[in-house]
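Open the model in your viewer and keep the sequence panel in sight. We will go from single residues to the whole chain.

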Amino acid sequence: MTENRDKLLLDLEVRLRQVLLLCDKLKQENNHLKDELVLKDSKIDSIKEELSQMSQKYDNLKMVRTITAATVDVDTAKLKLSKLVREVDKCIGLLKK
């Protein structure tokens, strides 16, 4: 009976050591994964900040293009209007003769 008991205790001790080793291994893996998570979170924050900056630059560029396009349209419209006024002036001049 004692022999059987000793064998069971020895088996229990071996299994307990295996569980403890596995627990240590899992703790290390968990710490490693936590570190990776922190790195990825910081990278995500960095990318979000970069996206925000790029979005602001894009909005600014759209505004500048709109203003530039409006200026070009105004200049073009002025030229066309001047041309029409000259043509009307020519017609009036021809009618007076």
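A residue counts as exposed when its relative accessible area is over 50%, as buried when that area is under 20%, and as partly exposed in between. Keep in mind that this is a predicted model.

**Stop 1: Glu-3.** Select Glu-3, which sits in helix 1. Is Glu-3 buried or exposed? Glu-3 is exposed, because its relative accessibility is 68% and the cut-off for exposed is over 50%.

**Stop 2: Glu-3 to Ala-77.** Now add Ala-77 and draw a distance between the two C-alpha atoms. In sequence, 74 residues separate Glu-3 and Ala-77. In space, the separation is 108 Å.

**Stop 3: Val-85.** Select Val-85 next. Helix 1, residues 2–96, holds Val-85 too. Val-85 has 43% relative accessibility, so it counts as partly exposed.

**Stop 4: the patch.** Keep Val-85 and add Leu-81 and Leu-84. Together these three form a nonpolar patch on the surface, about 280 Å² in area.

**Stop 5: the whole protein.** Zoom out. Which secondary structure does the protein have? There is one helix and there are zero strands. The radius of gyration is 41 Å, well over the 13 Å that the globule rule gives for 97 residues, so the protein is more spread out than a compact globule. Along the principal axes, the C-alpha trace spans about 140 × 15 × 5 Å.

**Stop 6: surface and charges.** Turn on the surface. About 9800 Å² is exposed, and carbon and sulfur atoms supply 63% of that. Of the 97 residues, 0% count as buried. Finally, colour by charge: the 20 positive and 17 negative charges have mean positions 14 Å apart.

Notes. Residues are numbered from 1 along each chain as its sequence is written. This is a predicted model: local features need pLDDT of at least 70, side-chain atom pairs count only at pLDDT 80 or more; totals for chains, interfaces and linings use all residues. Side-chain values use heavy atoms; hydrogens and water are left out. Patches are made of residues with over 30% relative accessible area and no salt bridge: like charges are joined within 9 Å, nonpolar side chains (Val, Leu, Ile, Met, Phe, Trp, Tyr) within 5 Å. Accessible areas come from the Shrake-Rupley method with a 1.4 Å probe; for residues, only the protein chains shown count as cover. A salt bridge is a side-chain nitrogen of Lys or Arg within 4 Å of a carboxyl oxygen of Asp or Glu. Helices (H or I, at least four residues) and strands (E, at least two) are DSSP runs, numbered from the N terminus. Buried means under 20% relative accessible area, exposed over 50%, partly exposed in between (1.4 Å probe, protein chains only). The radius of gyration is taken over C-alpha atoms; the globule rule is 2.2 Å times the number of residues to the power 0.38. Lys and Arg count as positive and Asp and Glu as negative; His and the chain ends are not counted. The place of a charge is taken as NZ of Lys, CZ of Arg, CG of Asp or CD of Glu.
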